[in-house]
Amino acid sequence: MTTDDCNTAGSELTKVAELQRSFLRHLQYTLVKDKFTATKADLYLALAYAVRDVLVDRWLDTQQSYYINDAKRVYYISMEFLMGRTLGNSLINLGVMDEWQTALKQMGIDVEELQEQEWDAGLGNGGLGRLAACFLDSMATMSLPAYGYGIRYEYGMFYQKIINGTQAEFPDNWLRYGNPWEFDRQEHLHQIKFHGRVESYHDERGETRYKWIDTTDVMALAYDFPIPGYGNETVNTMRLWSAKSTRDFELGSFNQGNYIGAVESKMRTENISKVLYPADHMAEGKELRLRQEYFLSSATVQDIFYRFAKKHDSLAMLPEKVAIQLNDTHPTLAIPELMRILLDDKQLGWDDAWNIALRTFAYTNHTVLPEALEKWPVEMMERILPRHLQIIYRINELFIQQIISRFPGDNDRLRRMSIIGEDSVRCVRMAHLAIVGSHSINGVSALHSEILKDDLFHDFYQLWPERFNNKTNGITQRRWLKYCNRWLADLISSRIGEGWITNLDELKKLIPLADDADFQQQWIEIKRANKQRLADYIRKHNCIEVSADSMFDCQTKRIHEYKRQLLNVLHVITRYNRIKADPDGNFAPRTIIFGGKAAPSYYMAKLIIALINAVGDVVNNDPEVKGLLKVVFLGNYNVTLAEMIFPASDLSEQISTAGTEASGTGNMKYSLNGALTIGTLDGANIEIMEEVGRENIFIFGMTAEQVTGLKQAGYQPYDYYFHNPELKLALDMIGNGSFSVHNRSLFKPIVDTLLGLDHYLLLADYASYITCQDDVDKLYQQPSEWARTSILNTAGMGKFSSDRTIAEYASEIWNIKPEQISRHSRRDLR
C-alpha cells in the first residue's frame, strides 16, 4: 500500500468517525436517548439531525450569497409539493450516502431500515405536486436563486386503504411524530384578511383610493424546508405557510368569559391549513379551498415584498429582481393581491401597478379539460375577498376594452374571453385572469401547448401570440434513477461515468451498449432483482404470490376516467377469456399492477378501483389460469411506493385519450428505469416516441385530431360493442355480475357509461389496444430484444430531465442566472 493509499484510508476512517460522533451526539443531546432506550424512530431522527447539520451550513451560505449578490429570484407558487421522503434524497444530493452506510453499519445499524421510519410528505395528490418537487431539486442543483412556496397541510393527501376491494380514506397525519426537516420562522408572520368591506376615500392628490376594513384576520406562519442541490454548495428554501389565529381573535371571546368560544374560533381559523384539498363538491369545501388559495397567495406576495424591501426602495425595480411562476391556476389570486398592495398600501397608480404585475407573473397551465379550469362564484368572492373582486372587475374592464379595440363588433369573442363568466352562475374564470395578468403562458408538452393555442385558449393566442410558449415537463434523475434504482445507476456509471447525474443527455452513450450481450445480461439481472423486491412487497401487503419472471405491466397514477384504467381492465378481462379458452396458448405471463387514489367524492373513479380488485379476485383465484395472469392493486400509492415500482416495471401503461393528458411525468420515470411504453399519441408520449424511436415504443389508438373528428361525426359506442365479440363479452361480464356475484348490478353503471356516452372513447380504441398488447407479448418472449429495447428507452431519456425544463424557464421566462455560493456563515460565526 502506497503512502497516498494510507492517507486516503486514514481520511475515510476519520470521516466515518466524525459521522458516528455526530450521530451519537444528536441521539444523546437532541433526543436524550442512549443505546438502551433508543427506538428505530429515534435512530432515524438522530441521523436526520446529523445530516441536517450539513445542510444548515450550506443553507445559510446560500441565502447570504443571494442577499449579498442582490440576485434576481424566482418564486415558484404551488398548492402542491409532493416531496416524498427527505432523508435518502439529502444523502444522495450531499454525496454522503456511502459514508453514512459505512458509519452506521459499523454500529450495527442499517440506513435503509432507518429510511423506512420517515413518513412521506404527501402535500400533493399527483403529477402537479411531484413536478413541483422535481423542479425544486433542479433549481438547487443548477444553483438558481429560487424559492418554493406552498401550504403546510397538517394532513396531507389521505391515506388509502383497500377494504373489501374498495377505497377507504384515512387521515394522513404525517406530522404526528414531528418533522426534523422543518424550521418554524416566528419572525415571518403575515396577516391575511378575509370578509369585511371596502371603503373609498380621496388621497392628498384628490385621487380615489380604497381601504379594506372590518376584516376577519388569520396569521400565516412560515415553516422552511432545506432543498439541497446535487454536488454543489447550494441549499434553497421551500417555505410552507401554516394558519394561526390572531391574538385579538382569541382574546375577544376570552375576555367576554367565553373560553370555549375562543378555542372554537382558533380551531376554525387554523382549518385553512388543516387538510390538502377539502372536498369541493359541497359549498363549505369550495369556500375553504378558495380561502386556502388566497391564504397561500397573500402570504407569499407579502413575503416577497418583505424580502425585496431589504435592498430596494423603488417598486419599479420589482420585475428586475422578482419572477413569480404560478403553477396552474390555484395561486392566481396572487395577481390581484399584488395589485392590492401596490394600489392600496404603496399608493401607486393603476398603470404603473399593472405594468409591474404583468412583467412579474408567468403562468403554467396543466390541463386541457374544461371542467378542471377553476371558476369561483362571484357571490362567494364578493363575500370573502371584496377588494380583490373590485380589482378583478377593473382588470376585466380594461381587458374588454382591448378586445373591442382589436376585434370590434365581435360580441361572441367578448363573451368567450371575459374574465367574468356570465353563464348560469356568474363566476371568475381563474385561467383567464392568469393569462391576462401574465407575460408568459406555457403548456407542458408540445401537443398540450399546441392545443392551448389552437383550441382551449385560441382567442387569447390570437390577441397575444408572443406570450405563449412550451416547456415540456421533466423529472429529476437524482431521485428517479440514482436514488430509487441504485443497482441500475451503478451499472450505468460503471460504463459511461457519472456525468448523466447532472447532464442526462449523457445517457446517449448507452446506445452502443444496447447490442452488447454481457451488458444486456447485467441489465436483465438488475431488472429481475428489482422485480423480486416488488414481488416480496406484494406478497407481504397484498398476500398475492407473483413471479418475478412474469412481465410486470404497470399503470400507477391518479384514478380518473380520462386516464383510462378501464381500458386496461378491458384488456385484463379479454386476456383472461383468451387464457380460459386456450390454456395452452402462447401467452407471455403477466402481472398487471395498478396503483392510484380516487378523489373521495369521485364516485366513478372509486367504482373503477372496486372493479379492478373484483376482477383480480376472480383471475388470481382461477386455477385454470396457471400463473399466466395476475392482477394487483397496490394501496396508498405515494412517492416511496413509486420508487419501488418504477425500477421493477417492464411495461408502462400511458393510455389516456389523445388530447386529454397535458404531459404526464410517470411516463418519463418508467422509461428512465428501462420500462417500455404502451401508449397513445398524447401528452409527452409523442416526444418520448421521437426520442427513443417509433420502433422502440408501442403506440396505438387515435390521434387528437381523429378524436375530435370522431366526436364531431357523432360517436356511437354501440357500433363498437356489437362489432367486436371480445369487447362485447368483456363488457357483458362486467355488467352481468361475473365479477360481483353478491351484487350483480354493482358495476352496471360502468357499462352504462361506456355504452351511453363513452366520453373518453375507450371502445373506439379497444381493438387497436388489444392488437398492440399482442405485439408486446411477442417482444417479451425475446429476452435479448426486449433488453435491447429497454436499454434504448433509458438512453433516449436525456430530454426529459427537469434540469432541461428549468434551464428553459430560467433563460426564456424568468431571466435568472446561477449564483456562486460563498462560505459566509461558518466564517462569520467563527
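**Figure 1. Strands β19 (residues 551-556) and β22 run parallel, with two bridges joining them.** You're looking at a predicted model, with residues numbered from 1 along each chain as its sequence is written. Local features need pLDDT of at least 70, side-chain atom pairs count only at pLDDT 80 or more, and totals for chains, interfaces and linings use all residues, while side-chain values use heavy atoms and leave out hydrogens and water. Strands here are DSSP runs of E with at least two residues, helices are runs of H or I with at least four, and both are numbered from the N terminus. Across the β19-β22 pairing, Cys554 faces Ser652 of β22. On its way to strand β23 (residues 676-679), β22 makes four bridges, again parallel, and there Gln654 has Gly679 as its bridge partner.

**Figure 2. Zooming out, an open sheet of six strands runs β21-β20-β19-β22-β23-β24.** Strands of a sheet pair through backbone hydrogen bonds, either parallel or antiparallel. In this sheet the pairing is parallel; two strands count as paired if DSSP finds at least two bridges between them. At the edges sit β21 (629-634) and β24 (698-699), each with a partner on one side only. β21 is held to strand β20 (residues 590-595) by six bridges, and Ile593 stands opposite Val632 of β21. Which way do the side chains of β22 (residues 651-654) point? Leu651 and Glu653 go one way, Ser652 and Gln654 go the other, and all are buried, where buried means under 20% relative accessible area, exposed means over 50% and partly exposed is anything in between (1.4 Å probe, protein chains only).

**Figure 3. Two loop residues, Arg564 and Asp328, have positive phi.** Arg564 isn't a glycine, yet its phi is about 65°. You'll find Arg564 in the loop between β19 and α22 (565-581), and its relative accessibility is 0%, so it counts as buried. Asp328 does something similar in its own loop, between β12 (322-327) and α11 (334-345), with phi near 75°. With a relative accessible area of 9%, Asp328 is buried.

**Figure 4. Tyr75, Tyr147, Tyr149 and Trp241 are joined by ring pairs into a cluster.** A pair of aromatic rings is described by the distance of the centres and the angle of the planes. A search of the whole structure turns up 25 aromatic pairs; rings of Phe, Tyr and Trp (its six-membered ring) pair if their centres lie within 6.5 Å, with planes under 30 degrees apart called stacked, over 60 edge-to-face and the rest tilted. For Tyr75 and Tyr149 the centres are 5.9 Å apart and the planes meet at 45°, so this pair is tilted. It bridges distant parts of the chain, with Tyr75 in strand β1 (residues 73-77) and Tyr149 in strand β4 (residues 146-151), 74 residues apart. Both Tyr75 and Tyr149 are buried.

**Figure 5. Tyr718 and Tyr721 pair up edge-to-face.** Their ring centres are 5.8 Å apart and their planes are at 90°, which makes the pair edge-to-face. Both tyrosines belong to helix α28 (residues 717-723), three residues apart, about one turn of the helix. Tyr718 is partly exposed at 40% relative accessible area, whereas Tyr721 is buried at 8%.

**Figure 6. Lys161 and Arg185 each place a charge over an aromatic ring.** To qualify, NZ of Lys or CZ of Arg must be within 6 Å of the ring centre and within 35 degrees of the ring normal. Lys161 lies over the face of Phe170, 4.8 Å from the ring centre. Arg185 has its charged end over the ring of Trp59, 5.6 Å from the centre.

**Figure 7. The largest cavity holds about 120 Å³ of space.** Here a cavity is a set of points on a 1 Å grid over the protein atoms alone where a 1.4 Å probe fits but cannot get out, and lining residues have an atom within 4 Å of a point. Points are joined across faces, edges and corners, and volume is the space filled by probe spheres set on them. The structure has four cavities of 30 Å³ or more. Fourteen residues line the largest one, and Asp70, Ala71, Arg73, Arg307 and Phe308 are closest to its centre. α2 (40-69), β1 and α9 (283-309) each supply at least two lining residues, with the largest share, three, coming from α9. By class, this lining has seven nonpolar, one polar and six charged residues: Ala, Val, Leu, Ile, Met, Phe, Trp, Tyr, Cys and Pro count as nonpolar, Asp, Glu, Lys and Arg as charged, and the others, Gly among them, as polar.

Methods: 1 Å grid on protein atoms, 1.4 Å probe; cavity = no way out; pocket = protein on both sides within 12 Å on 5 of 7 lines; lining within 4 Å.
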